[in-house]
Amino acid sequence: GLVVLGISTLSGAVSVGDTISLGDHDRLRFGAGNDLQIYHDGSNSIIKDNGTGKLILDTDGASIEFQKQGLETIATFNSDGAVDLYHNNSKKFETSSAGVEVTGKLTFANDGLANGSIDLGADADLNLYHDNSDAYIDNNTGDFYIRNSGSNPNQIYISGKGGENGIIVN
């Protein structure tokens, strides 16, 4: 076998049997300025791009899947552009050509009104939120419409309590 000690240069094609063994902190370096590095720092396995461009995983049409020890799917990047995110091996968020789908509860952190809100419009003009006591829909710009656009003469019911109609709009 070939043993290389110190700093050496190999040129041309290099063929390796089945294993390249490196110690902790030893790095595989690619590019004239060591632009890409692959190594283990004693605790973490790292693929490092030094900011010279994009880090691209090119699969020729196959999906890319991130797994925890090959047992639990974390994320899948599908060849048609769809992305799936998982929690505890259960899909919770997926993208498609139609938009996104969330499986389970959608929670907003304290980034808007009260204890989190759904804010719509260019300047968060419409807010939907709960303040741990009451629920609110706030319109901050223009008129506020509640419409039933069905083709049948459907009604809109506003109930103060389940089973009791407070307002019926025909």
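## Close-up views of a predicted model

**View 1. Asn127 of strand E10 is the bridge partner of Asp119.** The structure shown here, as in every view below, is a predicted model. Strand E9, which covers residues 117–120, pairs with E10 in the antiparallel sense, and four bridges link the two. Together E9 and E10 form a hairpin with five residues between the strands. In the turn, Gly121 has a positive phi of about 100°.

**View 2. The side chains of strand E10 alternate between two faces.** In a regular strand, side chains alternate between the two faces of the sheet. Strand E10 spans residues 126–130, and its Asn127 and Tyr129 point to one face, where they are buried. Leu126, Leu128 and His130 point to the other face and are not buried. Asn127, on the buried face, is also the residue that bridges to Asp119.

**View 3. Strand E10 also pairs with strand E11.** The pairing with E11 (residues 135–139) is antiparallel and runs over five bridges. Within it, Leu128 has Ile137 of E11 as its bridge partner. E10 and E11 form a hairpin with four residues between the strands, and Asn132 takes a positive phi near 75° in this hairpin.

**View 4. Strands E1, E2 and E3 form an open sheet.** The three strands lie in the order E1-E2-E3 with antiparallel pairing. E1 (27–30) and E3 (45–49) stand at the edges; each has a single partner strand, so one side of each is left without a neighbour in the sheet. From one strand to the next, the twist averages 10°. Four bridges join E1 to E2 (residues 36–40) in the antiparallel sense. In this pair, Phe30 stands opposite Leu36 of E2.

**View 5. Two salt bridges are present in the structure.** Side chains of opposite charge can pair when their charged atoms come close. In one salt bridge, the side chain of Lys91 meets that of Asp84 at 3.8 Å, N to O. Asp84 is counted as buried because its relative accessible area is 8%, under the 20% cut-off. Lys91, by contrast, is partly exposed, at 28% relative accessibility. The side chain of Lys91 also meets that of Glu94 in a salt bridge of 3.7 Å, N to O. Glu94 counts as partly exposed at 23% relative accessibility. Through shared partners, the salt bridges join Asp84, Lys91 and Glu94 into one network.

Terms used
Residues are numbered from 1 along each chain as its sequence is written. This is a predicted model: local features need pLDDT of at least 70, side-chain atom pairs count only at pLDDT 80 or more; totals for chains, interfaces and linings use all residues. Side-chain values use heavy atoms; hydrogens and water are left out. Buried means under 20% relative accessible area, exposed over 50%, partly exposed in between (1.4 Å probe, protein chains only). Two strands pair if DSSP finds at least two bridges between them. A salt bridge is a side-chain nitrogen of Lys or Arg within 4 Å of a carboxyl oxygen of Asp or Glu. Axes are lines fitted to C-alpha atoms, for helices over the stretch in contact, and angles run from 0 to 180 degrees between N-to-C directions.
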